[in-house]
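Me: I would like a close look at one part of this model, taken slowly and with the reasoning spelled out. Please begin with a single contact and then work outwards to its surroundings.

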Amino acid sequence: MRDVLDELARRVANGETVGVGTVVATFSSAPRSPGAAMLVGPDGEVTGSVSGGCVEGAVYDLAQQVVAEDQPVLQRYGVSDDDAFAVGLTCGGIIDVYVESINEKTFPELSDIHEAVRAEVPVAIATIIEHPEADRLGRRVVIWPDRIAGELGSARATDAVVDDARGMLATGRSGSLHYGPDGQRRGEGMTVFVNSFEPPPRMLVFGAIDFASAMARLGTFLGYRVTVCDARPVFATASRFPEADEVVVDWPHRYLAAQAEAGRVDERTVVAVLTHDPKFDVPLLEVALRLKLAYVGAMGSRRTHEDRLRRLREAGVTEGELDGMASPIGLDLGARTPEETAVSIAAEIIALRWGGRGERLTSLDGAIHR
């Protein structure tokens, strides 16, 4: 819902009632992940997507029905022999979409959630999407790390869901949880969708060169909070990297160590070392390879790579730690320009994140979305 939250908050603040469809579960090859959302405004305008186009028409009609009847609906869309080309995902996947009517009365916490997301404060929404008692459908509790708002119909159910949702929020996961009707952990009957909003992951680009500019631009496009860092103030300027969230003048290894000490990097953080200079690269990689990060890549030729490995081993970096380094950085796309090289680095980051192989889909069989 993050990508439509600004528009949803704007419409609700203007007194509108909006139909909202949210992907709450996926099976097989689904194009959008849980949490993807689509809005249908009272003027008929659509924002967002739940399937990349396969079932948007059906969700559009259902959203208008839900707003008119003020009754949420959990709907499954998939492919069968009978309706493969009527309402379904031609890619073969199945998605569950929860459609609800949202306005200031039904969702009074929305403005607080919007403010928290804009301030990069973690917050999660837990909504009952299945329950044998109709009046509990759509009840929600909003969970911050230090407080909650709302309840799910009983203290037992609320406590159980808040405990589990806080765990999902800590790891940035969204998905459905199943309980007994009153929150029993071994029971069945109540399904709760937890939509987590965590601060965007960080991309740290070291080396204020032209490749870093392209990398910052692409990192921002992919949703990262991008920092460019270099020890040379004449190169590390905001005017050279207008699309970075911040430009820092500091020694790279000192900056990264300080960020780690302050708890400002985590397992979602990606690091691109583009400095091309061993006096920066080696001490920086010594720090980076000993942290729990999503990705550590270092630019350079194969000759530079071999020299870098030798220097890191001499500095005491273990073989296991070296295995975590992507060097030479990026996938083999035949890239030449800074922009093409940034795409190859981003492709490697995406492949590692989702378990992709970086091969042409035309040469592979099986599901596209894993």
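With which residue does E321 form a salt bridge, and how far apart are the closest N and O atoms?

Reply: In this predicted model, E321 forms its salt bridge with R290, and the closest N and O atoms of the two are 3.4 Å apart. E321 belongs to helix α9 (residues 319–322) whereas R290 sits in the loop between α7 and β15 (295–298), so the pair ties together parts that are 31 residues apart in sequence. R290 has a relative accessible area of 43% and is therefore partly exposed, since that class runs between the 20% limit for buried and the 50% limit for exposed.

This contact is one of 25 salt bridges counted in the model, and two others are worth setting beside it. The side chains of R11 and D43 meet in a salt bridge with an N to O distance of 3.3 Å. Because R11 lies in helix α1 and D43 in the loop between β2 (37–40) and β3 (46–48), the pair ties together parts that are 32 residues apart in sequence. The two partners fall into opposite classes of accessibility: R11, at 2%, counts as buried, while D43, at 53%, counts as exposed. R11 and D43 are also linked with E7, R10 and E16 in a network of salt bridges. The other example joins the side chains of D266 and R268, with 3.8 Å from N to O; here D266 is partly exposed at 33% relative accessibility, and R268 is likewise partly exposed, with a relative accessible area of 22%.

From the charged pairs one can turn to the open space in the model. The largest pocket holds about 1,400 Å³ of space, and of the 34 residues that line this pocket, the closest to its centre are G172, E198, P201, R353 and W354. Helix α1, the helix of R11, supplies at least two residues of the lining, as do β10 (190–197) and α10. The most is given by α10, with five residues. Sorted by class, the lining has 17 nonpolar, eight polar and nine charged residues.

W354 appears again on the outside of the model, where it joins F221, L222 and I350 in a nonpolar surface patch of about 460 Å². I350 is placed in helix α10, which covers residues 338–354, and I350 is partly exposed because its relative accessible area is 40%, between the limits of 20% and 50%.

A few features of the backbone, each placed in a loop, complete the picture. The peptide bond from S327 to P328 is cis, with omega near -5°, and P328 lies in the loop between β16 (325–326) and α10. D70, although not a glycine, has a positive phi of about 55°; D70 is found in the loop between α2 (56–69) and β4 (73–77) and counts as exposed at 52% relative accessibility. H276, also a residue other than glycine, has a positive phi near 60°. The loop that holds H276 runs between β14 (270–273) and α7 (278–288), and H276 is partly exposed, with a relative accessible area of 47%. Helix α7 leads back to the starting contact, for R290 lies in the loop between α7 and β15.

Definitions and conventions
Residues numbered from 1 in each chain as written. Predicted model: local features only at pLDDT ≥ 70, side-chain atom pairs only at ≥ 80, totals over all residues. Heavy atoms only, no water. Patch = residues over 30% accessible without salt bridge, like charges linked within 9 Å, V, L, I, M, F, W, Y side chains within 5 Å. Areas by Shrake-Rupley, 256 points an atom, 1.4 Å probe, with all protein chains shown as cover. Salt bridge = Lys/Arg side-chain N within 4 Å of Asp/Glu carboxyl O. Helix = DSSP H or I, 4+ residues; strand = E, 2+ residues; numbered from the N terminus. Buried < 20%, exposed > 50% of the residue type's maximum accessible area, 1.4 Å probe, protein only. 1 Å grid on protein atoms, 1.4 Å probe; cavity = no way out; pocket = protein on both sides within 12 Å on 5 of 7 lines; lining within 4 Å. Points joined across faces, edges and corners; volume = space filled by probe spheres on them. Nonpolar A, V, L, I, M, F, W, Y, C, P; charged D, E, K, R; others polar.
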